[in-house]
Amino acid sequence: MRELLGGAAAVLFECSGVPSVLQDCIDCAAVCGTVVVVGVLLGDATIKPFNALSKRLTLRFALGYDRADFDTALRLVSEEGARVDRMITQPVGLDELPN
């Protein structure tokens, strides 16, 4: 994942819900970076706490949004030119989703 990012990232969003991706995010985070878990993990996630501790990472968890969150996101994309194309690594079809 680090190669896709072009190096360590200051902020990473885990949106897949795949437990192993949380550790991938920790590994790819920059020193003093932030990992935000947005995906709903369907199983237990095993992480190496020392990797996060040694980088002084902030781990944040979010569940749910309110209207203001969507308003802000839409404004950032439409008025401030946020590069959302860089957030999409690969489209996934509905037939590829797990049961």
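A residue counts as buried under 20% relative accessible area, as exposed over 50%, and as partly exposed in between. Arg75, at 32% relative accessibility, is therefore partly exposed. The model is predicted.

**Salt bridges**

The structure holds 3 salt bridges, listed here with the N to O separation.

| Basic residue | Acidic residue | N to O |
|---|---|---|
| Arg67 | Asp71 | 3.7 Å |
| Arg75 | Glu80 | 2.3 Å |
| Arg83 | Asp85 | 2.9 Å |

Arg67 and Asp71 both belong to helix α4 and stand 4 residues apart, about one turn of the helix. Arg67 is exposed because its relative accessibility is 66%, whereas Asp71, at 38%, is partly exposed. The partner of Arg75 is Glu80, and Glu80 counts as exposed at 52%. In the remaining pair, Arg83 is partly exposed at 47%, and Asp85 is partly exposed at 46%.

**Largest pocket**

The largest pocket encloses about 1,500 Å³ of space. It is lined by 32 residues, of which Phe13, Glu14, Cys15, Met87 and Ile88 are the closest to its centre. By class, the lining comprises 24 nonpolar, 5 polar and 3 charged residues. At least two lining residues come from each of α1 (2-5), β1 (9-14), α2 (19-28) and α4 (67-78). Helix α4 gives the most, with 7 residues.

**Nonpolar surface patch**

Met87 and Ile88 also belong to a nonpolar surface patch with Val77 and Val84. Together the four residues have about 380 Å² of accessible area. Met87 is located in the segment after α4 and counts as exposed because its relative accessibility is 62%.

Note on methods:
Residues are numbered from 1 along each chain as its sequence is written. This is a predicted model: local features need pLDDT of at least 70, side-chain atom pairs count only at pLDDT 80 or more; totals for chains, interfaces and linings use all residues. Side-chain values use heavy atoms; hydrogens and water are left out. On a 1 Å grid over the protein atoms alone, a cavity is a set of points where a 1.4 Å probe fits but cannot get out, and a pocket is an open set with protein on both sides within 12 Å along at least five of seven lines; lining residues have an atom within 4 Å of a point. Grid points are joined across faces, edges and corners, and a volume is the space filled by probe spheres set on the points. Ala, Val, Leu, Ile, Met, Phe, Trp, Tyr, Cys and Pro count as nonpolar, Asp, Glu, Lys and Arg as charged, and the others, Gly among them, as polar. Patches are made of residues with over 30% relative accessible area and no salt bridge: like charges are joined within 9 Å, nonpolar side chains (Val, Leu, Ile, Met, Phe, Trp, Tyr) within 5 Å. Accessible areas come from the Shrake-Rupley method with a 1.4 Å probe; for residues, only the protein chains shown count as cover. A salt bridge is a side-chain nitrogen of Lys or Arg within 4 Å of a carboxyl oxygen of Asp or Glu. Buried means under 20% relative accessible area, exposed over 50%, partly exposed in between (1.4 Å probe, protein chains only).
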